[in-house]
Amino acid sequence: MRTELAANALLRRCMAERGLAALPLPIPIEEWIESPLGYRFEIVSDAELGPGILGRARPSVGEIAINECLLQHEGRYRFTCAHELAHLTLHHGESGGYSDGELPRDGDASRIEREADRFAAAFLVPGDTLGDAIVRTLADDQLAPQCLEMLRGDDVIAVWLWRRCVLPRLAEVYEVSKPAMAYRCRELRLPNQRRLVRPSLVPLLTCPEAAIRVLPLSEIVVKEGVPRLAKA
Ligand SMILES: [Zn+2]
């Protein structure tokens with residue numbers, strides 16, 4: 001919750017300083033790091049950062065450096081920027097700064113690194129914009145409103161809805177990777193405290209396409225806005 005609140009507060013501050021009435025999507029992370037937030041931001045070579053390092057934050061001097069190799073990967077680039085921004089905003093203990101490889105990290109990361117990943121997701125995908133974005137996505141794909149409920153299922157239809165419709169579109173709107181988007185959706189709860197996506201479904205939403213070849217996704221057809229298995 002601390003990270004969600006901190007990310008939200010920083011977004012509000014950027015909005016206020018820019019005189020904006022609503023959050024622009026995608027969030028202009030790179031621009032906002034420099035202004036209005038006032039940090040130094042650099043794109044640097046592999047050699048400068050050291051082997052395997054994709055991002056570095058130095059809170060003592062208010063500086064973020066991002067590996068130039070990420071420039072070809074928009075989603076990963078933006079997530080790394082937001083993760084380093086988290087270190088500058090939340091973490092000041094490490095005098096040498098923070099160096100990161102591939103993000104987001106998996107389960108065994110330290111508390112600080114998990115916190116930075118959560119902040120990054122909350123900053124790039126503000127929670128109060130996501131509900132509307134999902135409803136719009138379903139409408140754009142001419143899917144019936146009842147599909148919103150189907151997203152909470154644990155069957156092949158739910159996998160299809162997330163992987164074929166919702167995640168690709170949201171990844172585009174927010175400019176984050178599809179796995180990062182799935183992790184973000186896992187964290188959020190609807191106003192009635194129910195989850196947007198079942199945690200047990202998340203591995204099927206973040207794995208490579210080859211890993212779900214056994215699922216009959218190609219046999220799903222949409223009838224009157226509702227997806228179903230063709231033979232059912
Ligand atoms: Zn980190």
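Entry 1, arginine 184. I looked up what arginine 184 touches in this predicted model. Leaving out residues up to four places away in sequence, I listed Glu4, Ala121, Ala122, Val125, Pro126 and Gly127. I then checked where arginine 184 sits, and found it in helix H9, residues 178–187. Is arginine 184 buried or exposed? Its relative accessibility is 1%, and buried means under 20%, so I noted arginine 184 as buried.

Entry 2, the largest pocket. I looked up the volume of the largest pocket, which is about 490 Å³. I counted 22 residues in its lining, and Arg184 is among those nearest the centre, together with Glu4, Gly127, Leu188 and Arg189. Helix H1 (2–18), helix H5 (111–124), helix H6 (127–140) and H9 each give two or more residues to this lining. Which element gives the most? I found that H1 does, with 6 residues. By residue type I noted 12 nonpolar, 4 polar and 6 charged in the lining. I also checked the domains: domain 1 (2–124) and domain 2 (127–229) each supply at least three residues to the lining.

Entry 3, the zinc ion. Which residues coordinate the zinc ion? I wrote down His83 and His87, each through NE2, Asp100 through OD, listed twice, and Glu113 through OE, at 2.0 to 2.5 Å. The donor residues follow the spacing H-x3-H-x12-D-x12-E in sequence. Among them, histidine 87 lies in helix H4 (residues 74–90) and aspartate 100 in strand E4 (residues 98–100), so I recorded a pair 13 residues apart that links distant parts of the chain. I noted both histidine 87 and aspartate 100 as buried.

Conventions
Residues numbered from 1 in each chain as written. Predicted model: local features only at pLDDT ≥ 70, side-chain atom pairs only at ≥ 80, totals over all residues. Heavy atoms only, no water. Donors = N, O, S within 2.8 Å, 3.2 Å for Na, K, Ca; no water. Helix = DSSP H or I, 4+ residues; strand = E, 2+ residues; numbered from the N terminus. Buried < 20%, exposed > 50% of the residue type's maximum accessible area, 1.4 Å probe, protein only. Contact = heavy atoms within 4.5 Å. 1 Å grid on protein atoms, 1.4 Å probe; cavity = no way out; pocket = protein on both sides within 12 Å on 5 of 7 lines; lining within 4 Å. Points joined across faces, edges and corners; volume = space filled by probe spheres on them. Nonpolar A, V, L, I, M, F, W, Y, C, P; charged D, E, K, R; others polar. Domains from an automatic or database assignment.
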